Number of protein chains: 2
Amino acid sequence: MASKGATPTVSDVAERAGVSFATAARALGGYGYVGAASREKVEAAARELGYRQNDVARALASGSTRTVGLVIGDIENPFFATVSRGLADVLEGEGYTLLLANSDEDAGREARSIAALSSRVDGLVVAPAVSSGDQALRRPDKPLVVFDRTVRGLDVDSVAVDNAAAAGLAVRHLLELGHRRIGVVCAPSTISSTSARLRGYRAELKRAGIEVDDSLIERGPFTRADAHAAALRLLGRDDRPDAIFATENYMTEGVLLAARELGLRIPDDVALVGFDDAEWMPLVDPPVTAVAQPVFEIGQEAGRLLLARLAGETAPSRKVRLAARLVVRESCGAGASARR
Amino acid sequence: MASKGATPTVSDVAERAGVSFATAARALGGYGYVGAASREKVEAAARELGYRQNDVARALASGSTRTVGLVIGDIENPFFATVSRGLADVLEGEGYTLLLANSDEDAGREARSIAALSSRVDGLVVAPAVSSGDQALRRPDKPLVVFDRTVRGLDVDSVAVDNAAAAGLAVRHLLELGHRRIGVVCAPSTISSTSARLRGYRAELKRAGIEVDDSLIERGPFTRADAHAAALRLLGRDDRPDAIFATENYMTEGVLLAARELGLRIPDDVALVGFDDAEWMPLVDPPVTAVAQPVFEIGQEAGRLLLARLAGETAPSRKVRLAARLVVRESCGAGASARR
DNA sequence: CAGGATTGTGATAGCGCTACCACACCGACT
DNA sequence: AGTCGGTGTGGTAGCGCTATCACAATCCTG
């Protein structure tokens, strides 16, 4: 073994440096006592041999992988992409790496991903696809942080905006501008953030004395294509609503696309308020009004919560609630000031 | 040890099933011979104990992690997000997991990510930030596939579109519509795909008998903010170009934003052709004409190349070149007709 | 019915590290 | 001098698996 062409191990370095395996391991691993002279010899030998430590072996021996698993619905969704960036931002600062798994918003795939990941990570960050949760989530043998959505009866750290209140913001804006028949294009309400947004929508209508018409709520699975189809159904009706609340960015895209195909003008024929802001929203015609979540911060906060647990914190679970804000542009008929 | 509260190991299962460690390991690991009776006993015991195999230990013992590392500039960039989706699509089918690292388009961070990842993955997929490459890339002890960009003198599998030709497509379109002074907003040309696109741009102008004016080429680092600033510089000039070629989606966003701020109408005051299509491009005012890369397929192809190497293929390196196509919408002044 | 192939089982040597222990040495106290 | 804490070093037991061996039992096949 040893020396040949393969990647050098601690033993190889030790031999070359003329010290014991234990000493080389300490110098290389950065633990325990090592004299200055030995350390230098070891470092020189490591450099000459091109030694690189084996993280897998280290993980097995130490019981810590320095890796965090992230399970999300879809990395192509800018919301998740940005969250993962915020998470990576915080984690990488502490030397952790991100292991990624797409659940495709499917409970089965999510469960499998969690199972597969959990033996190779120190902690997990998950946006649970189903609010009823899953065995894998219920007995987490590793620290777990949930974001964007919650799971009934699952008492773990979580971070999200107050979705009901944020949805209220959007609906109130529509109401204030005189819209009364407000439709909704949303994801399945098995997703807790969606159902919370729906709750906020209903509450706001009720407060305004408007009866909720459930037929105005179009649900689709969590994809662009489904959102598009749902929007087409809603806007294709004879008694189409005069405003639409899209509960998520794919849904907003779908409504925009459908309106365009149907030759409907926004906001004149139908107003639109979205949930989740995007870089392109100021750029479309008309610029889209939307609820903006502090997405990057959600990721960062999730990272901080997890880091605290990884550091051994045992306090009761924390629920971090971040504030969302409404970014008013022109798709609801407000401030049609400048252009058009 | 054994039984207590900790996660059960193969030994625990073996003991409970009343078979030897070796037999339990084979049944659980799915290798070697195991009789039907033993297998059942082991499976029952595993179920009762809630056994879950430890991937870290398996990786150390078997020398294979069933994990692939992906090093990209920025997961928030839809291009990379989609590629990673395509990659995951192919890899997960074979039971591989994705380990993700953002390089922020920085050579140093990239090198560190590669170093950190390479001891815990079976193979790497990288979009190299710098065309001159890096030590970590040069002596890959693991299978490596690069995509989108190339590295001088690095002979490894790669997949990308023919960037020069694709850029030519965009520039020719502008030329055919009568635009002569064509500016460029691009990323640093240390990125090989950017420099290839620039090469295509120059070649196309030359072919049309137009002299290249280097002052019309604005470079910025690879961020939205820099793209915006670069676009502002270019469009703010007294002798501003009458058309712009944006070499990447962040650059396209920047140009759109800058034009809007400057009160410039597209395509009347300035035409725009982008590189990389996006869902929102049909939605903006006017709909943006852009070169569309088969992004998902790039990811899939990278996955297939890597999988082949992982399976032991030793053929000389393959360079997969995919075709890009121009999606004509209205931002260059063409077919202001319907909107197809 | 001998003799080889096939199947099932157990024992055990690592994989490349971390972490703990024992020991030796040193200067600095009583 | 005797003893003690701090320091440096080597030895080595695992971490939870995979993989290989040796061996036994069963199965063909001529």
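**Entry 1: DNA strand C**

I began with the protein around DNA strand C, keeping in mind that this is a predicted model. I counted 28 residues around DNA strand C, and the nearest of them are Gly29(A), Ala61(A), Ser20(B), Thr23(B) and Gly35(B). Next I asked which elements give two or more residues to this surface. They are α2 and α4 of chain A, joined by α2, α3 (36–49) and α4 of chain B. The biggest giver is α4(A), with 5 residues. I also sorted the surface near DNA strand C by class and got 16 nonpolar, 11 polar and 1 charged residues.

**Entry 2: DNA strand D**

I then went over to DNA strand D, which 28 residues surround. Here the closest are Ser20(A), Thr23(A), Gly35(A), Gly29(B) and Ala61(B). From chain A, α2 (21–29), α3 (36–49) and α4 each give two or more residues to the surface near DNA strand D, and from chain B α2 (21–29) and α4 (55–62) do so. I found the largest share, 5 residues, in α4(B). The classes near DNA strand D come to 16 nonpolar, 11 polar and 1 charged.

**Entry 3: how the two chains are related**

I wanted to know what turn lays chain A on chain B. A turn of 180 degrees with a shift of 0.0 Å along the axis does it, and the RMSD is 0.1 Å. That is the relation of a two-fold axis. I looked for the residue of chain A that comes closest to the rotation axis and landed on Val284(A), with its C-alpha at 1.8 Å. The same surface serves both copies, as 100% of the contact residues of chain A recur in chain B.

**Entry 4: the A–B interface**

I counted 38 residues of chain A in contact with 38 residues of chain B. On the chain A side, α4 (55–62), α5 (78–93), β2 (97–102), α6 (107–118) and α11 (249–262) each supply at least two residues. Of these, β2(A) gives the most, with 6 residues. By class I have 18 nonpolar, 9 polar and 11 charged residues on the side of chain A that touches chain B.

I took a second look at β2(A). It is joined by 3 bridges to strand β2 (residues 97–102) of chain B, and the two strands run antiparallel. Which residue of β2(B) is the bridge partner of Leu99(A)? I checked, and it is Leu99(B).

**Entry 5: chain A as a whole**

I listed 12 helices and 12 strands in chain A. Its radius of gyration is 26 Å, well over the 20 Å that the globule rule gives for 340 residues, so chain A is more spread out than a compact globule. I noted the span of its C-alpha trace along the principal axes as about 85 × 45 × 30 Å. Of the 340 residues of chain A, 52% count as buried. Among contacts in chain A between residues at least 6 apart in sequence, 67% join residues at least 24 apart.

**Entry 6: one residue, Gln293(A)**

I finished at Gln293(A), which sits in the loop between β10 (289–292) and α12 (295–310) of chain A. Is Gln293(A) buried or exposed? I found 24 other C-beta atoms within 10 Å, so Gln293(A) is buried. Setting aside neighbours within four places in sequence, I see Gln293(A) in contact with Val161(A), Asp276(A), Ile298(A) and Ala324(A). I also looked up Thr223(A), which is 70 residues from Gln293(A) in sequence and 20 Å from it in space, C-alpha to C-alpha.

Key: Residues numbered from 1 in each chain as written. Chains lettered and ligands numbered in written order. Predicted model: local features only at pLDDT ≥ 70, side-chain atom pairs only at ≥ 80, totals over all residues. Contact = placed C-beta atoms within 7 Å. Helix = DSSP H or I, 4+ residues; strand = E, 2+ residues; numbered from the N terminus. Nonpolar A, V, L, I, M, F, W, Y, C, P; charged D, E, K, R; others polar. Pairing = 2+ DSSP bridges. Rg over C-alpha atoms; globule rule 2.2 N^0.38 Å. Buried ≥ 20, exposed ≤ 12 C-beta atoms within 10 Å, placed from the backbone. Least-squares fit on C-alpha atoms with pLDDT ≥ 70 in both. Near = placed C-beta within 6 Å.
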